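Here is a friendly walk through one protein chain, written for someone who likes to check things against coordinates. Please keep the viewer open as you read.

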Amino acid sequence: MSLFWVMIRQLAEIQEQMASSKKVITREKWEKRLNHIRIRKEDMNKLVMNFLVTEGYAEAVAKFRMETGTKSDMDVAMIMDRMAVNKAVQCGNVEDAIEKVNDLNPKILDTNPELFFHLQQQRLIELIRNEKIEAALEFAQEELAPRGEENQSFLEELERTVSLLVFKDVSNCPVRELLDISQRLKTANEVNAAILTSQSHEKDPKLHSLLKMLIWAQNQLDEKATYPRIKDFSKATLENPAV
């Protein structure tokens with residue numbers, strides 16, 4: 001967070017100067033500016049808590065709250081219920097996931113036809129994965145085809161999914177990625193976001209937004225100055241400016 005605000009302030013100063021050449025900011029000057037930034041520990045704790053809640057780390061939420069006294073806007077039971085849905089989708093138990101979502105809030109699927117279609121599509125994918133061909137064809141015809149008739153994008157997705165049945169060797173199928181675990185994760189993330197939204201909670205951690213803002217600030221500052229930038233965000237180490 002402190003790096004972001006330093007970049008914003010420095011960018012504003014440089015833009016005002018409208019210099020023809022890039023300004024060089026030494027590491028010493030940069031770190032001096034960083035040292036003047038003060039962020040309250042409680043704000044950092046709130047940021048961490050927001051990440052833990054949004055990502056569904058229920059046990060970590062309880063422990064962090066006990067150790068720091070930081071309050072969360074969602075109790076542990078709600079987090080565990082949401083993660084149970086997430087786990088069901090990632091394990092391929094889509095019917096169970098749908099039941100759990102409806103137990104949490106029936107309006108989630110009632111008011112989100114795209115999400116419901118994607119869950120039904122995932123059910124079809126699981127039937128194909130388990131080589132239940134007849135069941136897959138019947139399910140596609142009875143449950144998904146009617147929705148495809150009402151929505152062109154649904155129809156296109158259904159056709160892509162059913163094309164998995166055409167290939168005996170799925171490795172040759174142009175849409176074989178639908179059988180990858182990443183497809184389950186994609187569907188699970190969509191369900192997770194919908195549940196969070198229904199609970200009046202942001203679907204992405206604030207930390208992700210701050211990181212995007214930091215990357216944007218660096219890209220803007222790159223055009224105006226040479227400075228100790230961050231190349232590896234996983235380590236957050238400053239590089240010496242190239243002169």
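The report below goes from an annotated region to helix faces, an aromatic pair, two buried residues and two loop residues.

**The annotated region**

Please keep in mind that this is a predicted model. An unreviewed UniProt entry carries the annotation "domain: CTLH" for residues 78–135. In the model, residues 78–135 are 83% helix and 0% strand. The C-alpha atoms at the two ends of that stretch are 34 Å apart.

**Helix faces**

Let us begin with helix α6, which spans residues 94–104. Its buried residues are Val94, Ala97, Ile98 and Val101. Looking down the axis of α6, you will find these buried residues within an arc of 100°, so they line one face of the helix. What do they pack against? The partners are α5 (76–90), α7 (107–110), α8 and α11. Turned away from the buried side of α6 is a face that carries the exposed residues Glu95, Glu99 and Asp103.

Helix α12 can be read in a similar way. This helix has 17 residues, and from first C-alpha to last it reaches 24 Å, close to the 24 Å expected at 1.5 Å a residue. Buried in α12 are Leu214, Ala217, Gln218 and Leu221. They cover an arc of only 100° around the axis, which puts them on the same side of α12.

**An aromatic pair and its surroundings**

The model holds three aromatic pairs. In one of them, the rings of Phe117 and Phe154 have centres 4.3 Å apart and planes at 5°, so this pair is stacked. Phe117 belongs to helix α8 (residues 113–129) and Phe154 to helix α10 (residues 152–162), so the pair links distant parts of the chain, 37 residues apart. Are these two residues buried or exposed? Both Phe117 and Phe154 are buried.

Phe117 also turns up among the contacts of Leu144. Leu144 sits in helix α9 and counts as buried, with a relative accessibility of 0%. Setting aside residues up to four places away in sequence, Leu144 touches Phe117, Gln120, Gln121, Leu124, Phe139 and Leu158. If you would like a distance to check, the C-alpha atoms of Leu144 and Lys132 are separated by 16 Å, and these residues are twelve apart along the chain.

**Loop residues**

Most residues other than glycine have a negative phi. Glu131, however, has a positive phi, near 60°. Ser200 likewise has a positive phi near 60°. The table sets out the location and accessibility of these residues.

| Residue | Location | Relative accessibility |
|---|---|---|
| Glu131 | loop between α8 and α9 (133–150) | 66%, exposed |
| Ser200 | loop between α11 (181–198) and α12 (206–222) | 70%, exposed |

His201 is also in the loop between α11 and α12. Is His201 buried or exposed? With 4% relative accessibility, His201 counts as buried, whereas Ser200 counts as exposed at 70%. Leaving aside neighbours within four places in sequence, His201 is in contact with Asn50, Val53, Thr54, Asp73, Met74 and Leu196.

How values were computed. Residues are numbered from 1 along each chain as its sequence is written. This is a predicted model: local features need pLDDT of at least 70, side-chain atom pairs count only at pLDDT 80 or more; totals for chains, interfaces and linings use all residues. Side-chain values use heavy atoms; hydrogens and water are left out. UniProt positions are given in the numbering used here, feature names are shortened, and annotations may be inferred rather than shown by experiment. Helices (H or I, at least four residues) and strands (E, at least two) are DSSP runs, numbered from the N terminus. Rings of Phe, Tyr and Trp (its six-membered ring) pair if their centres lie within 6.5 Å; planes under 30 degrees apart count as stacked, over 60 as edge-to-face and the rest as tilted. Buried means under 20% relative accessible area, exposed over 50%, partly exposed in between (1.4 Å probe, protein chains only). The expected span of a helix is 1.5 Å times one less than its number of residues. The arc is that of the directions from the helix axis to the C-beta atoms. Contact means heavy atoms within 4.5 Å.
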